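Here are some short exercises to work through with the sequence and the 3D view side by side. Try each task yourself before you read its solution.

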Amino acid sequence: YMFSDLITKYGTFAGLGLIAVFLGAYFFSPELMLSQKVYWASMIVTLGAMWVGTSEDKKMQLSGEVDDYPFKAALRVAFGIFALSSLIYHVFDLTMFMVVNPELADMQLEATLGSIEELTPYFGEDWADQTSEMLEKNPPAPSMSNSFFDYTFGLLGGFAMAALMALTMKR
């Protein structure tokens, strides 16, 4: 196995796992698919695949003459898995919003406006009014460019998670 095989294997596994989580939520209730709770809970799938793939790479590397698992190797595998699974998820998400159920965009706007209401006590009325007004004037529309932006922005968080995981694998 080379690290690229592990990235392909576990990145695809995690991507398909994310699709299963979000499709399951969608069939239960489209609103549930859009909830932040499902989004954050789905991270378990990605983190699990990153951990297993990196652990497998570490085990293979340490079975040779090497007695140290380099940070760079762990980072490459963990981040590669994250990037591939995230790409698969974003293609699925865009397909859901643009092809399967275009009404999801309106539902997401309503859910976001509801979240703003919940956060008002923490950020204040002015923030809530400005944010709601901005969203209602320019609702986020599903598009290739928005999806690409979300994907690339998400890679920043994925890189941070992969770096933390690589640090723990060093031990």
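**Exercise 1: A patch on the surface**

Task: Find the residues that make the nonpolar surface patch of about 290 Å².

Solution: Step 1. Phe71, Leu164 and Leu167 together make this nonpolar patch of about 290 Å². Keep in mind that you are looking at a predicted model.
Step 2. Place one of its members: Leu167 sits in helix α7, which covers residues 144-170.
Step 3. Look along that helix. α7 has 27 residues and reaches 38 Å from its first C-alpha to its last, close to the 39 Å expected at 1.5 Å a residue.
Step 4. Now turn to the buried residues of α7, among them Tyr151, Leu155, Gly158 and Met165. What covers the buried residues of α7 includes α3 and α4.

**Exercise 2: The whole chain**

Task: Work out how many helices and how many strands the protein chain has.

Solution: Step 1. Count the elements: there are seven helices and zero strands. Read along the sequence, this gives the pattern α-α-α-α-α-α-α.
Step 2. Picture the overall dimensions. The C-alpha atoms fill a box of roughly 60 × 35 × 30 Å along the principal axes.
Step 3. Consider burial and contacts. Of the 171 residues, 39% are buried. Among contacts with a separation of 6 or more, 76% are between residues 24 or more positions apart.
Step 4. Finish with the outside: the chain exposes about 10,500 Å², and carbon and sulfur atoms supply 66% of that area.

**Exercise 3: A residue inside a helix**

Task: Decide whether Thr46 is buried or exposed, and list what Thr46 touches.

Solution: Step 1. Locate the residue: Thr46 lies in helix α3. This helix runs over residues 36-62 and reaches 39 Å from its first C-alpha to its last, close to the 39 Å expected.
Step 2. Check the accessible area. Thr46 has a relative accessible area of 2%, so Thr46 is buried, the cut-off being under 20%.
Step 3. Find the neighbours. Leaving out residues up to four places away in sequence, Thr46 touches Ala14, Leu18, Phe82 and Ser85.
Step 4. See which residues share this burial: the buried residues of α3 also include Val38, Met43, Ala49 and Gly53.

**Exercise 4: A charged pair**

Task: Find the residue with which Lys137 forms a salt bridge.

Solution: Step 1. Recall a general idea: side chains of opposite charge can pair when their charged atoms come close.
Step 2. Search the whole structure, and one salt bridge turns up. The partner of Lys137 is Glu133, with the closest N and O atoms 3.3 Å apart.
Step 3. Both residues lie in helix α6, four residues apart, about one turn of the helix.
Step 4. Compare accessibility with the cut-offs. Lys137 is at 61%, so Lys137 counts as exposed, while Glu133 is at 46% and therefore counts as partly exposed.

**Exercise 5: Aromatic rings**

Task: Describe how the rings of Tyr39 and Trp40 pair.

Solution: Step 1. The structure holds seven aromatic pairs. In one of them, Tyr39 and Trp40 are edge-to-face, at 5.3 Å centre to centre with 80° between the planes.
Step 2. Move to Tyr89 and Phe92, a tilted pair at 6.5 Å with 50° between the planes. Both lie in helix α4, three residues apart, and both are buried.
Step 3. Add one more ring: Phe22, Tyr89 and Phe92 form one aromatic cluster.

Definitions and conventions. Residues are numbered from 1 along each chain as its sequence is written. This is a predicted model: local features need pLDDT of at least 70, side-chain atom pairs count only at pLDDT 80 or more; totals for chains, interfaces and linings use all residues. Side-chain values use heavy atoms; hydrogens and water are left out. Helices (H or I, at least four residues) and strands (E, at least two) are DSSP runs, numbered from the N terminus. The expected span of a helix is 1.5 Å times one less than its number of residues. Buried means under 20% relative accessible area, exposed over 50%, partly exposed in between (1.4 Å probe, protein chains only). Patches are made of residues with over 30% relative accessible area and no salt bridge: like charges are joined within 9 Å, nonpolar side chains (Val, Leu, Ile, Met, Phe, Trp, Tyr) within 5 Å. Accessible areas come from the Shrake-Rupley method with a 1.4 Å probe; for residues, only the protein chains shown count as cover. A salt bridge is a side-chain nitrogen of Lys or Arg within 4 Å of a carboxyl oxygen of Asp or Glu. Contact means heavy atoms within 4.5 Å. Rings of Phe, Tyr and Trp (its six-membered ring) pair if their centres lie within 6.5 Å; planes under 30 degrees apart count as stacked, over 60 as edge-to-face and the rest as tilted.
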